[in-house]
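Hi everyone, thanks for coming along. Please pull up the sequence and the structure on your screens, and we'll walk through a few places together.

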Amino acid sequence: MGMMVVEQQQQQQSAALRTEDSVDKKKKRRSRRSKQNSSLNGSASMEVAGQHQQELQNFQNGNTSRNGSSSKQHGPNKTTNVSFNSLPTMHINDQGAKFGYGMKVYSKSCPIPGMYGESSGLDDDGDFFPPYLEGCNKQKRFDPHWSLDAIKEALERGEVFQATLRVNAHNRLEAYCTIEGVPADVLISGIPLQNRAVEGDVVAVKVDPPFLWSRMKGSAGSANNSSPTDDQDPFDDIGIRSDSSKGKDKMAAEPGRLTVADSSAVCENGFYDMGSTLSDGTVCQEVTGKMNSIHVNGHHHSGIDPLHGNWSCTEKIVMGSVEKLCQAVVSFPSKRPTGRVVAILEPSARRSSVVGFLNIRWWLSSGESFRKENRNMNAESLFSSDYIHLAPTDPKFPKMIVPVESLPTDIKKRLDAGDVSIENELVAARIDCWTEESSMPQACVMHSFGRGGEVEPRIASILFENAICSSEFSPDSLSCLPDELWQVPQRELECRKDIRDLCVFTIDPSTATDLDDALSVEKLSSGVYRVGVHIADVSYFVRPDTALDVEARVRSTSIYMLQRKLPMLPPLLSEKLGSLNPGVERLAFSIFWDVSVSGDVLDRWVGRTVIRSCCKLSCEHAQDIIEDRIDVDGLKSDENNFPQLYGNFNWRDIFQSVRILHDISKTLKEKRFNDGALRLENAKVVFLLDESGVPYDSVLCERKESNFLVEEFMLLANRTAAEIISRAYPERALLRRHPEPNRRKLRELEAFCSKHELELDTTTSGSFHRSLEKIKEKLKDDSVLYDILMNYATKPMQVAKYFCSGDLTVGEDDWGHYALAVPLYTHFTSPLRRYPDIVVHRTLTAALEAEQAYLKRQRKVNKDMKGGNARCFTGMHFDKFAAESVEGQRALASAALMQRLPGTEVLSDVASYCNQKKVASRNVKDAVEKLYMWVLLKSKQILFSEARVLGIGPRFISLYVQKLAVHFV
């Protein structure tokens with residue numbers, strides 16, 4: 001074992017010597033001041049090395065205090081001075097933003113391929129080799145991944161963590177992993193330490209000891225490094241730098257600190273250099289001696305060498321435990337945890353959906369000499385030994401090599417003919433493999449989308465990149481539905497509550513065709529109203545485990561783009577049979593609340609109903625009614641584009657209902673915010689399209705009172721559904737949680753506000769909201785700054801997620817919804833466009849059926865039983881005794897079986913998958929909006945708008961453009 005360690009160390013040091021020559025010229029160009037600072041650092045190296053050893057010993061012993069005392073005695077850390085990092089940026093004609101060789105870039109999401117011949121021929125990802133020689137280089141560039149058994153053991157012992165890799169789109173050498181329960185993300189700096197993992201991979205991460213952690217960007221440093229440099233964008237997001245950084249790691253070089261950012265030092269070409277130096281060029285043997293990697297039978301044991309110091313096989317402390325790591329993060333608030341990928345546990349789905357451009361011109365020129373030397377080889381032979389470069393449009397992905405022989409036949413024919421126009425076309429590809437010897441992954445091109453500068457190929461590539469199904473529904477799925485002439489069966493009329501004579505109506509955008517929800521209101525007595533929310537009963541048509549159910553689960557959500565929609569369910573169901581269209585009988589799930597004038601819910605009823613909507617109001621119609629812009633007495637349906645009215649109702653009934661609902665919604669809204677809710681609303685841009693669907697201008701759009709009217713009652717319905725299903729089925733309820741925001745980013749936001757003399761209290765969601773309201777009033781004459789602030793305020797927020805209540809990895813303390821300030825929440829109100837809502841409907845149906853069965857049984861046993869209509873499982877007061885009784889458990893289990901409710905494990909998988917598709921749908925929406933913005937800017941060439949300068953440096957200017965509500969760099 002010892003011989004292997006020595007041999008590997010010698011090999012690595014030899015590799016380091018080979019790289020020294022390549023960086024000598026860069027070292028000679030260092031300024032005189034840098035040399036002076038380096039000498040100061042060198043004089044302190046011995047003292048600091050001892051400090052690092054002490055820190056490591058403290059970390060091993062579970063003591064992360066800087067003074068060596070117990071962490072329990074360590075007082076609260078003071079908030080460091082931080083600079084503020086902004087929202088993701090959009091680059092326009094940025095020379096630093098490269099997607100390929102010589103590629104001209106109009107925006108990050110819309111690169112236009114240019115002349116590849118302008119390339120220098122160097123690969124940013126490491127040492128360059130011609131594509132056709134890439135496989136000939138046998139030098140290992142990456143460490144082997146750990147074996148499955150080793151990973152399993154390390155995970156159990158807490159020595160490594162499972163996390164999802166997120167790559168910095170502005171600097172691909174930086175990647176981050178979020179470890180649940182740790183307040184700071186772990187930085188994976190450099191291609192070697194990312195170890196062939198790509199965006200979205202689930203990886204095993206080994207965290208470095210604290211003395212190797214990098215300084216947090218924007219944190220207060222030493223006199224040498226107390227603030228960001230002028231060419232660093234102060235508004236970049238976590239770990240995001242401007243492209244001018246050229247991908248080099250800029251670890252803060254405070255006096256006495258090593259200038260490495262990870263456990264394995266990285267030289268300037270991005271590969272291992274075990275002979276790492278201090279800033280004065282002195283090799284730090286004490287650190288490199290403990291940072292060697294051990295390879296035994298393909299098993300990569302990296303990190304601190306257990307053969308040295310206080311480490312022994314029986315004394316390997318669980319350094320990676322969440323508790324100990326949290327202590328270290330708290331004790332070193334100015335440092336960023338760093339680590340390395342030791343294995344890929346689950347490849348990202350994005351590996352199969354890569355979009356990019358082929359580097360045709362460079363391939364033709366670079367391969368010319370190879371072809372001259374092999375003139376006797378036919379085209380097929382040339383293809384079999386040749387490679388071509390693929391430049392992904394997503395900057396988070398590395399450049400790739402593609403075997404020419406694997407190209408589609410049509411592309412190979414055009415390539416053989418020297419058709420350079422191929423490089424202007426977007427292609428779909430997948431990553432096949434990435435070996436230890438290759439600096440780039442090998443990919444396979446599947447097909448071409450068309451010219452990259454056109455809208456339709458772009459949209460097709462966006463859908464492909466996010467694995468969105470855009471095909472027609474299968475015949476098997478369609479066969480699960482009745483024909484278009486279907487009517488409510490008599491059996492459903494008998495077993496459901498008939499409210500067809502109730503004044504029920506919908507309020508939706510004028511272009512909406514899938515009407516999920518409807519509203520109603522009745523006055524009961526003085527100050528008490530019965531408000532009804534009626535949701536399309538989609539679960540009646542989508543039966544569990546049918547072909548339609550499987551396809552709906554795969555699609556998971558409807559995708560809404562500016563000019564099109566990809567529905568989750570067939571249009572026959574989502575726009576006709578299930579949609580709550582006016583004038584026709586429809587099946588619904590209804591919730592009625594008896595609400596007082598003060599917004600208190602006095603009672604409720606939940607059940608399945610049959611309704612008949614009397615009209616379809618648009619949001620504009622409802623707003624006109626709220627603002628009393630229309631005279632109801634002389635109103636006719638064809639005036640003011642008002643819809644047709646059905647049933648025995650007149651417009652006065654509709655107007656009165658809308659106004660009452662509006663008043664109640666305002667009371668509920670005020671009560672909700674008093675209880676601690678938070679609303680963050682960014683400015684929304686609406687594109688104005690011409691007859692051809694091409695954007696010609698944009699306007700900012702604000703939400704109206706009619707939008708909030710509907711929203712309040714939908715929120716109340718979702719909360720009610722969450723409460724019922726979590727009580728009835730505590731182990732198999734599909735809920736939705738919203739974690740607390742990132743505290744470090746909140747501190748940055750507070751620092752930004754303080755800089756502008758604005759007071760912001762982020763102690764709780766409620767104090768956060770109240771502070772923003774005060775700031776809004778203070779900035780009423782500076783709406784641009786307020787819009788910028790609201791953009792910044794969304795950055796610390798984490799993503800809301802679905803989860804199963806029986807998932808033990810999610811503690812009950814984490815079930816709550818931060819922004820809504822409620823302990824339980826789910827999605828119930830949009831089953832036509834969200835699959836989780838269908839699951840919740842089935843669970844709610846099971847609770848109702850179990851309740852009916854239990855009460856029926858109780859009435860048989862006790863004929864004198866009172867309260868026969870009591871709601872023991874779905875009412876205001878949950879009967880825990882009934883639910884936990886033998887009869888209650890039997891009723892709940894039988895109903896769950898009838899509705900085929902999934903178990904905890906399956907439901908957790910469904911929740912995880914729906915979370916992924918939710919993110920994908922949001923990515924599609926954002927990408928399409930950026931695409932249309934790009935088209936607008938390209939057509940206008942010059943856009944006049946008020947803008948706010950946020951930062952200036954030698955190589956960048958940071959702007960917020962109000963008209964587009966976007967941040968440009």
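Let me start with something to look for: which are the buried residues of α17? Keep in mind while you look that this is a predicted model. The buried ones are Cys619, His621, Ala622, Gln623, Asp624, Ile625 and Ile626. Helix α17 spans residues 619-626, and seven of its eight residues are buried, so this helix is mostly covered, taking under 20% relative accessible area as buried.

What do those buried residues pack against? Two strands and two helices take part: β18 (505-508) and β25 (615-618), together with α18 (651-674) and α19 (705-728).

Now step off the end of the helix. α17 is followed by Asp628, which sits in the loop between α17 and α18. Phi of Asp628 is near 55°, a positive value in a residue that is not glycine. Is Asp628 buried or exposed? Its relative accessibility is 53%, and the cut-off for exposed is over 50%, so Asp628 counts as exposed.

There is another residue to put beside it. Asn195 also has a positive phi, near 50°, and again this is a residue other than glycine. You'll find Asn195 in the loop between α5 (191-194) and β6 (202-207). Here the relative accessible area is 1%, which is under the 20% limit, so Asn195 is buried. To put the two side by side, Asn195 is a buried loop residue, while Asp628 is an exposed one.

Let's go back to β18, one of the elements α17 packs against. Which residues does the UniProt annotation "binding site" cover? According to that record, which is an unreviewed entry, they are Asp508 and Asp517. I'll take them in turn.

Asp508 lies in strand β18. With 9% relative accessibility, Asp508 counts as buried. Beyond its neighbours within four places in sequence, Asp508 is in contact with Leu515, Asp517, Leu617, Ser618 and Cys619. Cys619 should sound familiar, being one of the buried residues of α17.

Asp517 lies in strand β19, residues 517-525. Its relative accessibility is 10%, and Asp517 therefore counts as buried too. Again setting aside neighbours within four places, Asp517 is in contact with Thr506, Asp508, His534, Ile535, Leu580, Val710, Met714 and Thr829. So the two annotated residues are also in contact with each other.

For a change of scene, let's visit the surface. Val949, Ile952 and Ile957 form a nonpolar patch there, and together they have about 280 Å² of accessible area. Val949 lies in strand β30, residues 947-953. How accessible is Val949? Its relative accessible area is 45%, so Val949 is partly exposed.

Finally, let's zoom out to the whole protein. It has 26 helices and 32 strands. Of its 969 residues, 54% count as buried. Among contacts with a separation of 6 or more, residues 24 or more positions apart account for 72%. The accessible surface comes to about 44,300 Å², and carbon and sulfur atoms contribute 49% of that.

If you keep one picture from today, let it be α17, mostly covered, with the exposed Asp628 following it. Thanks, and I'm happy to scroll back to any of these places.

Key
Residues are numbered from 1 along each chain as its sequence is written. This is a predicted model: local features need pLDDT of at least 70, side-chain atom pairs count only at pLDDT 80 or more; totals for chains, interfaces and linings use all residues. Side-chain values use heavy atoms; hydrogens and water are left out. Buried means under 20% relative accessible area, exposed over 50%, partly exposed in between (1.4 Å probe, protein chains only). Helices (H or I, at least four residues) and strands (E, at least two) are DSSP runs, numbered from the N terminus. Contact means heavy atoms within 4.5 Å. Accessible areas come from the Shrake-Rupley method with a 1.4 Å probe; for residues, only the protein chains shown count as cover. UniProt positions are given in the numbering used here, feature names are shortened, and annotations may be inferred rather than shown by experiment. Patches are made of residues with over 30% relative accessible area and no salt bridge: like charges are joined within 9 Å, nonpolar side chains (Val, Leu, Ile, Met, Phe, Trp, Tyr) within 5 Å. A salt bridge is a side-chain nitrogen of Lys or Arg within 4 Å of a carboxyl oxygen of Asp or Glu.
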